[in-house]
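Visitor: I should like to learn how the features of a protein model are read. May we look at one together?

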Amino acid sequence: MHNDKRFATRCIHAGQSPDPTTGAITTPIYLTSTYVQRSPGEFKDGYDYSRSKNPTRQALEDNLAALEGGVRGLSFSSGLGSIDCVLHLLSSGDHVVLCDDVYGGTFRLFKRVFEQLGITFSRVDMTDHDATRAAFTDKTKLVWLETPTNPTLKIIDIAAMAEMAHAKGALLCVDNTFATPALQNPLALGADIVSHSTTKYLGGHADVVGGALIVKDEELGDKLWFNQNSVGAVPSPMDCFLTLRSTKTLHVRMQRHCENAAKVADHLANHKAIEKVVYPGHTTHPQHEVAKKQMSDFGGMITVYLAGGLDAAKRMLERVQIFSLAESLGGVESLIEHPAIMTHGSVPPEERAKIGLTDALVRLSVGIEDVADQIADLDAALA
Ligand SMILES: *Cc1c(COP(=O)(O)O)cnc(C)c1O
């Protein structure tokens with residue numbers, strides 16, 4: 001429903017129609033594991049068992065599909081559950097081209113779980129197109145990237161990567177967690193699969209862990225659904241309800257995240273305790289032009305390098321009050337963290353060094369509090 005409408009309207013209405021029993025405007029939380037059948041094997045609209053299908057989850061999946069401009073959405077019990085589902089498309093001997101700066105848990109899944117099953121991967125800096133082209137082998141079946149990357153906020157040209165992947169007969173999957181469909185639509189840029197940790201901006205209120213996949217091809221959607229139903233990493237109806245409630249405000253939240261982050265980034269760029277600010281909205285960002293081309297705004301994430309290294313970083317992180325020292329990102333409340341010790345601790349030190357993930361690096365997820373309070377908090381912590 002309303003899939004042809006503009007983004008803000010889709011956020012609020014897509015996938016949802018008044019409940020057929022009562023007319024309830026809000027999609028009910030269907031806490032049911034099973035559905036009564038009229039006759040053996042005769043049931044309504046595919047509803048036979050809630051691992052396979054649940055009405056609250058269906059509403060969320062249809063909503064997410066509409067937000068990303070896809071034909072099919074699948075939601076999961078975590079972002080890693082959704083990534084796992086994609087990797088189960090592969091067979092032993094297959095090869096993946098992976099961007100060098102991915103979420104730590106994604107790297108761990110490739111390295112520690114799928115590598116032992118015979119799936120190989122090459123990590124490459126995808127801002128370097130020649131290096132990326134050279135990373136393909138005749139076994140490459142999948143290209144996996146995040147943009148903006150986590151935590152160094154590199155911007156990877158999605159359309160260029162789609163062209164490269166398709167020329168080699170591989171699928172392109174883009175983890176769109178940082179940008180969200182409010183700012184960037186990978187399917188429209190040529191990607192085959194969009195992956196999300198809905199724990200972050202889509203959920204937006206730090207109260208639910210979840211994941212999602214969206215595709216524009218029905219057949220690929222069926223294959224992924226088969227994997228999901230076979231493996232079983234499905235979200236609860238309650239989690240689906242919370243996420244669906246959150247996507248209704250995605251467009252306004254993202255607008256404020258972007259406005260605040262731009263101001264905080266400008267402020268920190270002129271702060272003497274900060275050696276360097278990485279923000280895709282700054283013209284000094286090496287891929288600023290790519291960001292302008294494929295994103296409608298620059299997001300709520302900022303990475304900074306502290307002039308005083310690890311000691312200064314620790315001091316700052318212990319002193320913030322509005323920013324909370326915590327893993328995760330994308331909620332209404334501002335978070336701050338130290339990737340080398342926290343979110344990316346599972347990435348080996350030598351791998352971290354290669355991508356500039358040093359001990360001086362601090363990642364900020366700028367929330368939607370008043371920006372003057374956010375800036376005052378950072379100034380006090382850096383004083
Ligand atoms: C958090 C995150 C994930 C993993 O999602 P979970 O919901 O924690 O399982 C994957 N990709 C990115 C970019 C993330 O930030």
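Guide: Let us begin with a term: a residue is called buried when its relative accessible area is under 20%, and exposed when that area is over 50%. The model before us is predicted. In helix 6, residues 158–167, the buried residues are Ile158, Met161, Ala162, Met164 and Ala165.

Visitor: Why do the buried residues of helix 6 lie on the same side?

Guide: The general idea comes from the helical repeat: with 3.6 residues a turn, residues three or four places apart point the same way in an α-helix. In this case the buried residues of helix 6 cover an arc of only 165° around the axis, which puts them on the same side. The face turned away from that buried side carries Glu163 and Ala167, which are exposed.

Visitor: Against which elements do the buried residues of helix 6 pack?

Guide: Their partners are two helices, helix 5 (129–135) and helix 11 (288–294), together with strand 4 (140–146) and strand 5 (171–175).

Visitor: What is found at the ends of helix 6?

Guide: The N-terminal end is capped by Asp157, with a side-chain oxygen 3.3 Å from the backbone nitrogen of Ala159. After the helix comes Gly169, which has a positive phi near 75°.

Visitor: How should one read backbone geometry elsewhere, and which peptide bonds are cis?

Guide: As a general guide, most residues other than glycine have a negative phi, and most peptide bonds are trans. Here, the bond from Thr147 to Pro148 is cis, with omega near -5°, and the bond from Asn150 to Pro151 is also cis, with omega near 10°. Pro148 is in the loop between strand 4 and helix 6, and Pro151 lies in the loop between strand 4 and helix 6 as well.

Visitor: Which residues other than glycine have a positive phi?

Guide: Asp45 is one of them, with a phi of about 50°; Ser328 is another, with phi near 85°. Asp45 belongs to the loop between helix 1 (7–13) and helix 2 (55–68) and counts as exposed because its relative accessibility is 57%. Ser328 sits in the loop between strand 10 (324–325) and strand 11 (335–337), and its relative accessible area of 26% makes it partly exposed.

Visitor: Is Asn260 buried or exposed, and which residues does it touch?

Guide: Asn260, found in helix 10 (residues 250–269), is buried because its relative accessible area is 3%. Leaving aside residues up to four places away in sequence, Asn260 touches Val366, Gly367, Ile368, Glu369, Val371 and Gln374.

Visitor: How many residues surround the ligand, and which are the closest?

Guide: The ligand is surrounded by 14 residues, the closest being Gly79, Asp175, Ser197, Thr199 and Lys200. A ligand nitrogen is 2.7 Å from an N or O atom in the side chain of Asp175. A ligand oxygen is 2.7 Å from an N or O atom in the side chain of Thr199, and an oxygen of the ligand is 2.9 Å from a polar backbone atom of Gly79. Taken alone the ligand exposes 380 Å², of which the protein buries 93%.

Visitor: Finally, what describes the protein as a whole?

Guide: The protein has 14 helices and twelve strands. Its radius of gyration is 21 Å, close to the 21 Å given by the globule rule for 383 residues, so the protein is as compact as a globular protein of that length. Of the 383 residues, 54% are buried.

Technical notes: Residues are numbered from 1 along each chain as its sequence is written. This is a predicted model: local features need pLDDT of at least 70, side-chain atom pairs count only at pLDDT 80 or more; totals for chains, interfaces and linings use all residues. Side-chain values use heavy atoms; hydrogens and water are left out. Buried means under 20% relative accessible area, exposed over 50%, partly exposed in between (1.4 Å probe, protein chains only). Helices (H or I, at least four residues) and strands (E, at least two) are DSSP runs, numbered from the N terminus. The arc is that of the directions from the helix axis to the C-beta atoms. Contact means heavy atoms within 4.5 Å. A polar contact is a pair of N or O atoms within 3.5 Å; within protein, one must be able to donate a hydrogen and the other to accept it, and residues adjacent in sequence count only if both atoms are side-chain atoms. A residue is near a molecule or strand if one of its heavy atoms lies within 4 Å of it. Accessible areas come from the Shrake-Rupley method with a 1.4 Å probe; for residues, only the protein chains shown count as cover. The radius of gyration is taken over C-alpha atoms; the globule rule is 2.2 Å times the number of residues to the power 0.38.
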